[in-house]
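Visitor: I'd like to learn how to read a pocket, and then work outward from there. Could you walk me through it?

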Amino acid sequence: MKDALGQPIDAERPYLLLLLAGLGFFGCASLVGGTIAAQIVVPGHDWIADTISDLGAGEWEIIMDVALYGFAAGLFAMALAASHVHLGGIGWSAGVVSLAILAALVVVVGARNEYGDGDSDGVVIHIYLVYGLGALFLATPLSMAAGFGRDHPWARLALIGLAIAWAVGAPLFLMAPTTIDGLAERILGLIACAILAVMAYVFWRRGLDARKGRH
């Protein structure tokens with residue numbers, strides 16, 4: 001059975017995948033660009049000792065908040081793309097749900113404006129969100145690596161490698177002294193962006209292939 005455009009109804013939609021992949025790349029650029037912009041305008045910010053979370057509280061919090069919303073949009077776009085393509089079994093399905101939850105957690109981090117910075121207005125939940133992000137950014141690439149590696153073996157290796165780097169870096173960040181925890185957090189941010197970028201690139205390639213009728 002074909003749709004109105006003559007494509008099989010079970011075929012991958014090229015322009016949907018290209019759009020979602022583009023949003024994934026945008027999410028990476030949003031987090032990196034927003035972090036750089038925020039630490040430039042926030043007076044006295046030390047990018048080695050002061051965390052990204054510090055940028056999300058205070059006069060210039062809107063910059064970091066918007067950066068986080070953009071990153072969340074990229075994560076949710078990957079969840080939609082992965083749901084559309086679905087390259088695996090229960091592991092892939094778990095990864096789809098994990099991506100959506102990650103997007104929600106990042107939105108809450110940006111919207112809550114409570115970073116354990118001494119603000120007593122309401123309940124401090126940031127640490128619990130950090131634990132959730134830590135667990136899911138490890139589980140998601142591992143559960144989806146085999147599916148991504150079906151047609152792109154390099155992506156499987158990349159996602160496993162990034163998951164290992166995250167597994168090593170996340171506990172070190174929690175144990176890092178305050179003199180370097182900003183640097184440790186930024187390294188984790190780059191790892192998260194790299195995970196998102198690998199996924200976005202694979203979906204971009206699949207979108208191009210689908211446009212040529214290969215999927």
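Guide: Happy to. Let's begin with the second largest pocket, which is lined by Leu31, Val32, Thr35, Ile36, Gln39, Ile52, Arg186, Gly189, Leu190 and Cys193. The elements that each give two or more residues to that lining are α1 and α7. Bear in mind throughout that this is a predicted model.

Visitor: Which helix gives the largest share of the lining of the second largest pocket?

Guide: That's α1, with 5 residues.

Visitor: And how much space lies in the second largest pocket?

Guide: The general idea is that rolling a probe the size of a water molecule over the atoms shows where empty space is left. Here the second largest pocket comes to about 160 Å³.

Visitor: Let me step back. How many helices and how many strands are in the chain?

Guide: The chain has 7 helices and 0 strands. Read from the N terminus, the order is simply α-α-α-α-α-α-α.

Visitor: What share of the contacts joins residues at least 24 apart?

Guide: If you take contacts between residues at least 6 apart in sequence, 73% of them join residues at least 24 apart. As for burial, 45% of the 215 residues are buried. The accessible surface of the chain is about 10,400 Å², and carbon and sulfur atoms account for 69% of that.

Visitor: Now the inside. Which residues touch the most other members of the largest nonpolar core?

Guide: That core has 55 residues, and the ones touching the most other members are Phe71, Leu75, Phe137, Phe148 and Phe203. As for who contributes, α1 (14-41), α2 (52-55), α3 (61-85), α4 (90-112), α5 (126-148), α6 (153-175) and α7 (181-211) each supply at least two residues of the core.

Visitor: Can we zoom in on one of these? What does Phe71 touch?

Guide: Setting aside residues up to four places away in sequence, Phe71 touches Gly27, Cys28, Ser30, Leu31, Val106, Phe137, Ala192, Cys193 and Leu196. You've met a couple of those names already: Leu31 and Cys193 are among the residues lining the second largest pocket.

Visitor: How do I read a single helix, then?

Guide: Start with the general geometry: an α-helix has 3.6 residues a turn, so residues three or four places apart point the same way. Then compare the length with what you'd expect. α7 has 31 residues and reaches 45 Å from its first C-alpha to its last, close to the 45 Å expected at 1.5 Å a residue. α3, with 25 residues, reaches 36 Å, close to the 36 Å expected.

Visitor: Is α7 mostly covered or mostly open?

Guide: Mostly covered, with 22 of its 31 residues buried. One example in α7 is Leu208, which counts as buried because its relative accessible area is 15%, under the 20% cut-off. The C-alpha atoms of Leu208 and Tyr15 are 8.4 Å apart, although 193 residues separate the two along the chain.

Visitor: What about a residue in α6?

Guide: Try Ala155, which lies in α6. Ala155 is buried, with a relative accessible area of 0%. Leaving aside neighbours within four places in sequence, Ala155 is in contact with Phe148, Val198 and Val202. You may recall that Phe148 is one of the core residues that touch the most other members.

Visitor: And in α4, are Ala94 and Ala104 buried or partly exposed?

Guide: Both sit in α4. Ala94 counts as partly exposed, at 36% relative accessibility, and Ala104 counts as partly exposed too, at 41%. In space, Ala94 is 7.0 Å from Ser143, C-alpha to C-alpha, with their positions 49 residues apart in sequence. Ala104 is 9.1 Å from Leu75 by C-alpha atoms, and those two are 29 residues apart in sequence.

Visitor: Last topic: backbone angles. What should I look for?

Guide: Most residues other than glycine have a negative phi, and most peptide bonds are trans. In this model, look at His86: its phi is near 45 degrees, a positive value in a residue other than glycine.

Visitor: Where is His86 placed?

Guide: In the loop between α3 and α4, just after α3. His86 counts as partly exposed, at 33% relative accessibility. For a glycine case, go to Gly213, just after α7, where phi is positive at about 85 degrees.

Methods. Residues are numbered from 1 along each chain as its sequence is written. This is a predicted model: local features need pLDDT of at least 70, side-chain atom pairs count only at pLDDT 80 or more; totals for chains, interfaces and linings use all residues. Side-chain values use heavy atoms; hydrogens and water are left out. Helices (H or I, at least four residues) and strands (E, at least two) are DSSP runs, numbered from the N terminus. Buried means under 20% relative accessible area, exposed over 50%, partly exposed in between (1.4 Å probe, protein chains only). Contact means heavy atoms within 4.5 Å. Accessible areas come from the Shrake-Rupley method with a 1.4 Å probe; for residues, only the protein chains shown count as cover. A nonpolar core is a set of buried Ala, Val, Leu, Ile, Met, Phe, Trp, Tyr and Cys residues joined through side-chain atoms within 4.5 Å. The expected span of a helix is 1.5 Å times one less than its number of residues. On a 1 Å grid over the protein atoms alone, a cavity is a set of points where a 1.4 Å probe fits but cannot get out, and a pocket is an open set with protein on both sides within 12 Å along at least five of seven lines; lining residues have an atom within 4 Å of a point. Grid points are joined across faces, edges and corners, and a volume is the space filled by probe spheres set on the points.
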